[in-house]
Amino acid sequence: MNRIVYVNGDYLPEADAKISVFDRGFLFADAVYEVTSVLDGRLVDFPGHLARLHRSLGALELTTPLDDAGLEEMHRELLKRNRLTEGAVYMQVTRGAADRDFAYPASSEPGLVAFTQAKALIESPTAAKGIRVISVQDIRWARRDIKTTQLLGPSMCKMIAKKAGADDAWFVEEGFVTEGTSNNAWIITADGAIVTRNLSAAILHGITRAAVMTYAEAAGMRVEERPFTIAEAQGAAEAFITSASAFVTPVVEIDGVPLGDGAPGPVTKRLRELYIAESRARAS
Ligand code: PLP
C-alpha cells in the first residue's frame, strides 16, 4: 500500500513513518483511538467521535497535541492526500515516549498518528448475507467505556470465532451479552422492540449505537436499553451489530441457532437503510 499517513505533525509515505520504541502506546497500550467512517469523501459524525475521544482522554489524564479544529483539518488533509471517498480514518493519541515505568511520566509529549483505510462500506457482502456469531466469556478489562488500543482480548476472541467457523463473537458476562468484539450487539423482539445493552463501563459507548437509537426513535420504533441473554437473542425475531465500519449489519445465527429463517430480517434492513441515508445527509 502506498498511503500518506500522519505522524506527529508530518504527512509521510507509510513506509517512512516511524515512532519511538519507548512510545507508551507501544509498551503499555497507553493510547486511545477513534475510527471515523467516510462516505462520499465526507466524515460521518465527526463531532460524536471528537466527544468520545475527549471522554477517553479525560479518563486517562491524557492530552492531544492538536485541538479539535486541528484534528478535523488533519482528517480532511488525509482524505485529500489519499483521495479517499469511502472507508475510514483511524486516529490514535498516545502518551508518547518515556523511559519504561508503570507510573505515568511527569511530562511527556503526547503522540498523534492517523491513517486512512479504503473500504466498501455500503456495498458490503456481510451486510447482504448477515454474520454468524458465537458467544464467548468476556475476558476484557473492566473499563470498556474507554476506547484504548488494548485490544488483545477482542482479537483473541475474534480468532476463536473464526476457528469455530463463525464471523464474530459476542461477549457474555454474568449471563448477559455485553457487546461484540468490535461492535455493539442488538436484538429485535417478536413484538418489535429494538433492544441493546444499557450504557455503563461494561461496553463501549458506540457512536453508531447512539445514531441508530436516534434515527429508530424518530421513525417511530421502540428502543429498549437493557441487558439480554444469548437464549433471548436466539429466540429473537432478528439481531444485528453496529459500528462505524459495519454500520448496521445483520446477525443471522447465534451459537449455531439460526434466527428466524436464517436470512437478514426486514427491520434490520430498514434500520441499515435509514442509518445510511441519515449519515449521508449529515456527513460533513
Ligand atoms: N464496541 C466495541 C468493543 C468496539 O470496538 C466498537 C468499535 O470499534 C464498537 C462497540 C462500536 O463503536 P462505534 O459505533 O463508535 O464504531
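# A tour of the sheets and the ligand site

Begin with β5 and β6, which run antiparallel and are joined by eight bridges. The model is a predicted one. To see one rung of this pairing, select Ala88 together with Gln117, its bridge partner in β6.

**The open sheet**

Next, widen the selection to the whole sheet around these strands. It is open and has six strands in the order β2-β1-β6-β5-β3-β4, with antiparallel pairing. Its edges are β2 (10-13) and β4 (42-43), each of which pairs on one side only. In general, strands of a sheet pair through backbone hydrogen bonds, either parallel or antiparallel.

From β5, move to β3. Select residues 31-39 for strand β3 and residues 87-94 for strand β5; the two pair in the antiparallel sense over eight bridges. Val35 is a convenient residue to label here, with Tyr90 as its bridge partner in β5.

Then return to β6 and look towards β1. Strand β1 (residues 4-7) and strand β6 (residues 111-118) run antiparallel and are joined by two bridges. Label Val7 and Val113, the latter being the bridge partner of Val7 in β6.

**The parallel strands around β7**

Now select residues 131-137, which form strand β7, and residues 247-254, which form strand β14: these strands run parallel and are joined by three bridges. Arg132 has Glu253 as its bridge partner in β14.

Keep β7 selected and add strand β8 (residues 168-173). β7 and β8 also run parallel, and five bridges join them. For a single pair, display Val133 and Asp168, its bridge partner in β8.

**The ligand site**

Turn next to the ligand. The space that it takes is the largest pocket. Select the 16 residues that surround the ligand; the closest are Arg52, Glu179, Ile207, Thr208 and Ala244. Colouring this shell by class shows three nonpolar, nine polar and four charged residues.

Which elements each supply at least two residues of the shell around the ligand? They are β9 (176-180), α6 (207-218) and β13 (238-243).

Finally, display the distances between the ligand and the protein. The side chain of Glu179 has an N or O atom 2.6 Å from a nitrogen atom of the ligand. At Ile207, a polar backbone atom is 2.8 Å from an oxygen atom of the ligand. For Ala244, select the backbone: one of its N or O atoms lies 2.8 Å from an oxygen atom of the ligand. On its own the ligand has 390 Å² of accessible area, and the protein covers 92% of it.

How values were computed: Residues numbered from 1 in each chain as written. Predicted model: local features only at pLDDT ≥ 70, side-chain atom pairs only at ≥ 80, totals over all residues. Heavy atoms only, no water. Near = heavy atom within 4 Å. Polar contact = N/O pair within 3.5 Å; in protein donor to acceptor, adjacent residues only side chain to side chain. Areas by Shrake-Rupley, 256 points an atom, 1.4 Å probe, with all protein chains shown as cover. 1 Å grid on protein atoms, 1.4 Å probe; cavity = no way out; pocket = protein on both sides within 12 Å on 5 of 7 lines; lining within 4 Å. Sits in = over half its atoms within 2 Å of the grid points. Helix = DSSP H or I, 4+ residues; strand = E, 2+ residues; numbered from the N terminus. Nonpolar A, V, L, I, M, F, W, Y, C, P; charged D, E, K, R; others polar. Pairing = 2+ DSSP bridges.
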